[in-house]
Amino acid sequence: MSIYWSQVDIEELTGSGVVYFNSKMEMLEGLPCKMYKLTYQQSLWTHCHDYFQIWYVAKGAFLHTVQQQVYEIRKGDIFVIPPFTLHSVSISPDEDIEIYGCEFMPSFVNERFQEQPTDHAFFDVAFLEYFLRKETNAQSQITLDSVTDVTVRNVLKDMLIEYERRTPFFKSRSKPSCLCFSRFWHGRSTASCCVKDSRNRRNTGKS
């Protein structure tokens with residue numbers, strides 16, 4: 001499996017009308033990640049960013065175009081956008097939505113991702129390389145079954161709470177959750193690992 005890290009000319013892209021979201025502006029306080037919940041969202045023109053983006057849809061529907069392929073995203077769907085991938089979102093102005101967003105720099109998973117990853121030998125490449133494969137768009141839309149849907153929603157809600165409180169160990173607790181999502185896309189038992197992690201937090205009273 002070959003790693004494909006999109007090569008882009010930001011100047012050329014922005015000159016052609018593509019919007020570029022930079023992590024230095026989008027992720028505040030020096031954190032390599034960002035969590036949020038959207039209850040209203042305008043349509044987004046074709047854009048890209050230098051970080052991974054996960055959207056989970058708890059309510060509503062919209063069109064999501066990735067590399068010129070259109071996906072009908074609706075309640076119970078989740079998608080991952082790798083860095084520098086061109087995409088756009090078309091949402092009706094009166095659409096009632098609830099979207100949980102998780103955005104993180106590759107370096108959030110491993111500091112060696114500060115540079116474009118080429119070395120398959122180090123551990124965390126295995127968790128991200130699926131999303132860096134040129135030959136697949138499978139991560140652009142996945143419809144969750146009812147059990148996994150509840151699990152993913154609870155994990156993202158827990159991550160959002162920790163992010164908003166800026167707890168001392170937020171980064172160390174959130175990284176395993178991001179890796180759980182990766183295991184899910186690899187077809188492994190992410191549900192069980194995420195459920196266990198979520199229950200442990202509740203049982204210990206940690207947030």
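**Reading a sheet and its aromatic pairs**

Trainee: I am looking at two neighbouring strands. Which residue in β9 stands opposite Leu-38?

Mentor: Opposite Leu-38 you will find Ile-99, a residue of β9. Keep in mind that this model is predicted.

Trainee: How many bridges join β2 to β9, and in which direction do the two strands run?

Mentor: Look for the bridges that tie one strand to another. Here six of them join β2 to β9, which spans residues 98-104, and the two strands run antiparallel.

Trainee: In what order do the five strands form the open sheet?

Mentor: Read across the sheet from one strand to its neighbour. The order is β2-β9-β4-β7-β10, and the pairing is antiparallel. At the edges stand β2 (33-38) and β10 (142-143); each has a single partner strand, so one side of each lacks a neighbour in the sheet.

Trainee: Which helix packs on the sheet, and which strands are touched?

Mentor: Helix α5, residues 146-165, packs there. Its contacts are with β2, β4 (52-59), β7 (77-81) and β9, and its direction makes about 115° with that of β2.

Trainee: Back to β2: how many of its six residues are buried?

Mentor: To judge burial, use the relative accessible area: under 20% counts as buried. Five of the six residues of β2 are buried, so the strand is largely enclosed by the rest of the structure.

Trainee: What share of the chain's 207 residues is buried?

Mentor: Buried residues account for 50% of them. The chain's accessible surface comes to about 10800 Å², and carbon and sulfur atoms hold 50% of that surface.

Trainee: Now the aromatic rings. How many aromatic pairs does a search of the whole structure find?

Mentor: The search finds five. To read a pair, check the distance between ring centres and the angle between planes. For Trp-55 and Phe-79 the centres are 5.8 Å apart and the planes are at 45°, so this pair is tilted. It links distant parts of the chain: Trp-55 belongs to strand β4 and Phe-79 to strand β7, 24 residues apart.

Trainee: Are Trp-55 and Phe-79 buried or exposed?

Mentor: Trp-55 is buried, at 3% relative accessibility, and Phe-79 is buried too, at 1%. A second pair is that of Tyr-56 and Tyr-100, whose ring centres are 6.4 Å apart with planes at 35°, so it is tilted. This pair also links distant parts of the chain, with Tyr-56 in strand β4 and Tyr-100 in strand β9, 44 residues apart. Tyr-56 is buried with a relative accessible area of 0%, and Tyr-100 is buried at 3%.

Trainee: Which residues form one aromatic cluster?

Mentor: Trp-55, Phe-62 and Phe-79 form one.

Trainee: Last topic, the cysteines. How many disulfides does the structure hold?

Mentor: First the general idea: a disulfide is a covalent bond that joins the sulfur atoms of two cysteines. The structure holds zero disulfides.

Trainee: Are Cys-48 and Cys-102 buried or exposed?

Mentor: Cys-48 counts as buried, at 1% relative accessibility, and Cys-102 is buried with a relative accessible area of 1%.

Trainee: What share of contacts between residues at least 6 apart in sequence join residues at least 24 apart?

Mentor: The share is 74%. Trace a few of those contacts in the model yourself!

Terms used. Residues are numbered from 1 along each chain as its sequence is written. This is a predicted model: local features need pLDDT of at least 70, side-chain atom pairs count only at pLDDT 80 or more; totals for chains, interfaces and linings use all residues. Side-chain values use heavy atoms; hydrogens and water are left out. Buried means under 20% relative accessible area, exposed over 50%, partly exposed in between (1.4 Å probe, protein chains only). Contact means heavy atoms within 4.5 Å. Accessible areas come from the Shrake-Rupley method with a 1.4 Å probe; for residues, only the protein chains shown count as cover. Two strands pair if DSSP finds at least two bridges between them. Helices (H or I, at least four residues) and strands (E, at least two) are DSSP runs, numbered from the N terminus. Axes are lines fitted to C-alpha atoms, for helices over the stretch in contact, and angles run from 0 to 180 degrees between N-to-C directions. A disulfide is a pair of cysteine sulfur atoms within 2.5 Å. Rings of Phe, Tyr and Trp (its six-membered ring) pair if their centres lie within 6.5 Å; planes under 30 degrees apart count as stacked, over 60 as edge-to-face and the rest as tilted.
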